[in-house]
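Trainee: Could you walk me through one part of this model in detail? I would like to see how the helices pack and what lies around them.

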Amino acid sequence: MITIKNVFFSYNSTTAFHFPDMHCSASEALLITGNSGKGKTTLLHLLGGLLRPKSGEISIANNNIALFSEHELDQFRGKNIGLVLQQSHFIASLNVLENVVLASWLATGKRATEKAKALLKELDLEDQMYKLTAELSVGQQQRVSIARALINEPKLLLADEPTSSLDDENAAKVADLLAQLSKEYKASLIIVTHDHRLKEKFSNHINLN
């Protein structure tokens, strides 16, 4: 489902990254670890189309996204890539349900309200959907982020440090949930993290060094 080959990226002459080739099939999970400064978040942003490689190929569902125009990339990202970022960037004035529905409207022009309700129910957030996101616990906010990332049934699910702010119990729950939903939605799951607890959960693992 996603393959990267010979990918190189540089911010300037002193900060550059050559990333290893990698592949992740539909319904599979890949854990990417590494110390600070090794390019984990840069790689995630490249995979999500938020940055463009200087050279190399990033293929998602047989589409080399490095060749897309900005408009094509925006459209492709909205329909095919789900992002769970460290900072959730919720709209503070909208409730939980409205934040998830907004993601469907931005990508498709349609408000998938019933689908969002079903997804929130599946994530055990049925009683929270009319609350503001600021009223939720960190663990609940993380699950809302996952719901928002899944609303358009992406082919690729990217998670940036999804467990770093969670205790052991909630970290395990989020890791299990991401793996379960990846299989359910037949999405490739790539988790970028320095959280060594996740190595016990995911056997497919690449360390950036």
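**Helix packing and the nonpolar core**

Mentor: Happy to. The axes of α5 and α6 cross at roughly 15 degrees and come within 11 Å of each other. With angles under 35 degrees counting as roughly parallel, α5 is therefore roughly parallel to α6. Do keep in mind that this is a predicted model. The crossing of the two helices, α5 and α6, is right-handed.

Now look at the side chains that meet there. From α5 come Gln 142, Arg 143, Ile 146 and Leu 150, and they meet Val 174, Leu 177, Leu 178 and Leu 181 of α6. Sorted by class, the contact of α5 with α6 has six nonpolar residues, one polar and one charged.

Val 174 is a good residue to click on. Val 174 lies in helix α6, and it counts as buried because its relative accessibility is 4%, where buried means under 20%. Leaving aside neighbours within four places in sequence, Val 174 is in contact with Gln 142 and Ile 146, and also with Pro 162, Thr 163 and Leu 166. To get a sense of scale, measure across to Ile 58: the two residues, Val 174 and Ile 58, are 116 residues apart in sequence and 27 Å apart in space, C-alpha to C-alpha.

Next, place this pair of helices in the wider picture. The largest nonpolar core has 37 residues, and those with the most contacts inside it are Leu 120, Leu 123, Ile 146, Leu 178, Ile 191 and Phe 202. Both helices of our pair are among the elements that give two or more residues to this core, along with α3, α4 and the strands β4 (29–34), β8 (156–160) and β9 (188–192). It is α6 that gives the most to this core, with seven residues. As background, nonpolar side chains tend to be buried together in soluble globular proteins.

Leu 123 shows how the pair is joined to what lies around it. Not counting neighbours within four places in sequence, Leu 123 is in contact with Arg 143, Ile 146, Ala 147, Leu 177 and Leu 181. A second, separate core of 27 residues includes Met 22, Leu 46, Phe 76 and Ile 190.

Two other helices that give residues to the largest core also make a contact of their own. Helix α3 (residues 96–108) and helix α4 (residues 113–122) pack at about 120 degrees, with axes 9 Å apart. That angle falls outside the range of 65 to 115 that counts as roughly perpendicular, and α3 and α4 are therefore oblique to each other. Here too the crossing is right-handed, as α3 passes α4. On the α3 side the contact is made by Val 96, Leu 97, Val 100 and Val 101, and on the α4 side by Thr 113, Ala 116, Lys 117 and Leu 120. These residues divide into six nonpolar, one polar and one charged.

For a strand that gives residues to the largest core, turn to β4, where you will find Leu 30. Leu 30 counts as buried because its relative accessibility is 3%. Beyond residues up to four places away in sequence, Leu 30 touches Met 22, Cys 24, Leu 189, Ile 190, Ile 191, Asn 204, His 205 and Ile 206. Leu 30 and Ala 187 are 157 residues apart in sequence, yet 11 Å apart in space, C-alpha to C-alpha.

Let us also visit two loops. Ser 27 sits in the loop between β3 (22–24) and β4. Although Ser 27 is not a glycine, it has a positive phi of about 70 degrees, and its relative accessible area of 24% makes it partly exposed. Back at our first helix, Glu 153 is found in the loop between α5 and β8. Glu 153 also has a positive phi, of about 50 degrees, without being a glycine, and it counts as partly exposed at 45% relative accessibility.

Last stop: helix α1 (residues 40–47), which is mostly covered, with six of its eight residues buried. The buried ones are Lys 40, Thr 42, Leu 43, Leu 44, Leu 46 and Leu 47. After α1 comes Gly 49, with a positive phi near 75 degrees. Gly 49 is one of the residues in contact with Arg 77, together with Gly 48, Leu 50 and Leu 83, leaving aside neighbours within four places in sequence. Arg 77 itself is found in helix α2 (residues 70–80) and counts as buried at 15% relative accessibility.

Note on methods. Residues are numbered from 1 along each chain as its sequence is written. This is a predicted model: local features need pLDDT of at least 70, side-chain atom pairs count only at pLDDT 80 or more; totals for chains, interfaces and linings use all residues. Side-chain values use heavy atoms; hydrogens and water are left out. Axes are lines fitted to C-alpha atoms, for helices over the stretch in contact, and angles run from 0 to 180 degrees between N-to-C directions. Helices (H or I, at least four residues) and strands (E, at least two) are DSSP runs, numbered from the N terminus. Angles under 35 degrees count as roughly parallel, over 145 as roughly antiparallel, 65 to 115 as roughly perpendicular and the rest as oblique. A crossing is left-handed if the near helix is turned anticlockwise from the far one by less than a right angle, and right-handed if clockwise. Contact means heavy atoms within 4.5 Å. Ala, Val, Leu, Ile, Met, Phe, Trp, Tyr, Cys and Pro count as nonpolar, Asp, Glu, Lys and Arg as charged, and the others, Gly among them, as polar. Buried means under 20% relative accessible area, exposed over 50%, partly exposed in between (1.4 Å probe, protein chains only). A nonpolar core is a set of buried Ala, Val, Leu, Ile, Met, Phe, Trp, Tyr and Cys residues joined through side-chain atoms within 4.5 Å.
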